Amino acid sequence: MRARYGVPLSLTAVGAAGIAYAAGIEARSFRLRRMTIPVLPRGMRPLRVLQVSDIHMVSGQHKKRRWLQSLAGLRPDFVVNTGDNLSDPEGVPEVLDALGPLMEFPGTYVFGSNDYYGPKLRNPARYLIEKVQGRHGLNGNAPVVGAIHNPWEELRDAFDTAGWVGLSNTRGRLKLDGFEIALTGLDDPHIKRDRYAEVAGGPEDGADLSLAVVHAPYLRSLDAFTADGYPLILAGHTHGGQLCIPFYGALVTNCDLDTGRVKGLSTHTAGEHTSYLHVSAGCGTNRYTPVRFACPPEATLLTLTERA
């Protein structure tokens with residue numbers, strides 16, 4: 001009997017320890033990544049851009065709130081929020097409390113599906129099944145029925161009041177110390193709210209830098225931005241794979257982006273153009289799967305420098 005059950009009990013213990021680590025330690029091990037991207041015109045001083053993404057705030061997440069507040073000490077030139085701030089309809093006040101110090105800086109934002117709708121309990125294995133079948137979000141799946149509607153309008157109004165530029169299928173500009181940053185954004189492709197035709201046309205004349213922003217890095221959005229000549233695209237959504245295999249990486253991206261670019265800096269080519277792409281692994285999780293493994297929660301400080 002001892003020999004028969006020794007291995008299963010050992011595996012159970014290892015599995016339990018892994019879940020405890022993923023939920024109790026790594027999911028709360030917030031960290032800052034730093035990245036340098038050469039996209040500025042010659043003669044322009046470096047710009048420090050703080051990207052926050054996929055906060056998925058749930059009431060009571062005090063450590064996450066304090067960590068996000070502390071990021072204001074980085075003194076970025078501007079902040080880019082790439083969406084999915086909520087994972088709880090009651091979480092708006094805590095999101096605004098967490099981001100309050102950062103809202104003192106210039107910023108811009110797009111929303112993700114979880115800003116609009118509350119999450120549902122689902123089997124994590126479905127992400128693998130959808131990857132094999134080529135179905136992600138509402139892109140090939142049936143429409144969501146009975147979804148919880150989050151109070152995203154409250155977030156929008158607070159961000160707008162702070163002077164952050166909303167980029168849901170629209171354009172905007174930031175002025176920084178005599179420089180002008182042209183911004184073009186899309187609403188979330190994961191739930192088919194993106195309307196590229198409304199913002200098509202490429203970078204604007206007269207801007208020192210043109211930046212593209214979208215929550216979910218679906219290939220149709222990346223192709224459109226890149227073909228139009230944007231030098232840099234910022235996105236989130238993937239959680240870096242969330243549950244990764246050490247020394248291998250992510251199994252899924254929850255969109256049609258390949259796993260090799262699930263997080264961090266890469267490039268994307270469409271037509272005759274190549275853009276830099278930065279995908280944030282984000283700092284939160286779906287409230288029903290509050291675990292991370294080999295993929296710690298993050299924000300990123302991007303230092304934009306002169307092009308070679």
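This is a short tutorial dialogue on reading a predicted model.

Me: I would like to begin with the sheet. In what order do the 6 strands of the open sheet come?

Reply: Happy to start there! The order is E1-E12-E2-E3-E4-E5, and the pairing is mixed. At the edges you find strand E1 (31–40) and strand E5 (165–166), each pairing on one side only.

Me: How many bridges join E1 to E12, and do the strands run parallel or antiparallel?

Reply: E1 and E12 run parallel, with 9 bridges between them. To find one of these on screen, start at Leu32, whose bridge partner in E12 is Ala299.

Me: Which strands pair with E11, apart from that sheet topic? I would like to know about E9 and E10.

Reply: E9 pairs with strand E11 (residues 273–279) in the parallel sense, over 4 bridges. Leu232 stands opposite Tyr276 in E11. E10 pairs with E11 in the antiparallel sense, over 7 bridges. There, Ala270 has His273 of E11 as its bridge partner.

Me: What lies between the strands in the hairpin of E10 and E11?

Reply: That hairpin has 2 residues between its strands, and Gly271 takes a positive phi near 65°.

Me: Which residues have a positive phi although they are not glycine?

Reply: Asp54 is one of them, with a phi of about 50°. Look for Asp54 in the loop between E2 and H2; its relative accessible area is 0%, so Asp54 is buried. His237 is another, with a positive phi of about 80°. His237 sits in the loop between E9 and E10 and counts as buried at 4% relative accessibility.

Me: Now the inside of the protein. What is the general idea behind a nonpolar core?

Reply: In soluble globular proteins, nonpolar side chains tend to be buried together. Here is the case in this model. The largest nonpolar core has 30 residues, and Leu50, Val52, Leu68, Leu71, Leu102 and Phe159 have the most contacts inside it. At least two residues each come from strand E2 (47–52), helix H2 (62–70), helix H3 (92–99), helix H6 (152–161) and strand E12 (298–306). H3 gives the most to this core, with 4 residues. Another core, of 24 residues, lies apart from it and includes Ile37, Val49, Leu211 and Leu304.

Me: Which residues does Leu50 touch?

Reply: Setting aside residues up to four places away in sequence, Leu50 touches several, among them Leu32, Leu71, Leu74, Phe78, Leu102 and Ala299.

Me: Where does Leu74 lie, and is Leu74 buried or exposed?

Reply: Leu74 is in the loop between H2 and E3. Its relative accessibility is 16%, and the cut-off for buried is under 20%, so Leu74 counts as buried. Beyond its neighbours within four places in sequence, Leu74 is in contact with Leu32, Arg34, Arg48 and Leu50. For a sense of distance, the C-alpha atoms of Leu74 and His273 are separated by 33 Å, and these residues are 199 residues apart along the chain.

Me: How do I read the buried residues of a helix such as H3?

Reply: First list them: Val92, Glu94, Val95, Ala98 and Leu99 are buried in H3. Then look down the axis of H3: the buried residues fall within an arc of 165°, so they line one face of the helix. Those buried residues pack against H2, strand E3 (78–81) and H6.

Me: What can you tell me about the surroundings of Arg261?

Reply: Arg261 is in the loop between strand E9 (232–235) and strand E10 (264–270). With a relative accessible area of 15%, Arg261 is buried. Its side chain makes a polar contact, at 2.9 Å, with the side chain of Asp258. Leaving aside neighbours within four places in sequence, the contacts of Arg261 are Leu219, Ser266, Thr267, His268, Leu277 and Val279.

Me: One last topic. What is a disulfide, and how many are there here?

Reply: A disulfide is a covalent bond between the sulfur atoms of two cysteines. With a cut-off of 2.5 Å between the sulfur atoms, the count in this model is 0 disulfides.

Me: Why is Cys255 not in a bond, and why not Cys283?

Reply: The closest cysteine sulfur to that of Cys255 is in Cys244, 14 Å away, which is too far for a bond. For Cys283, the closest is in Cys295, at 12 Å, again too far for a bond. Cys255 is buried, with a relative accessible area of 4%, and Cys283 is buried at 1%.

Terms used: Residues numbered from 1 in each chain as written. Predicted model: local features only at pLDDT ≥ 70, side-chain atom pairs only at ≥ 80, totals over all residues. Heavy atoms only, no water. Buried < 20%, exposed > 50% of the residue type's maximum accessible area, 1.4 Å probe, protein only. Polar contact = N/O pair within 3.5 Å; in protein donor to acceptor, adjacent residues only side chain to side chain. Contact = heavy atoms within 4.5 Å. Core = buried A, V, L, I, M, F, W, Y, C linked by side-chain atoms within 4.5 Å. Arc of directions from axis to C-beta. Pairing = 2+ DSSP bridges.
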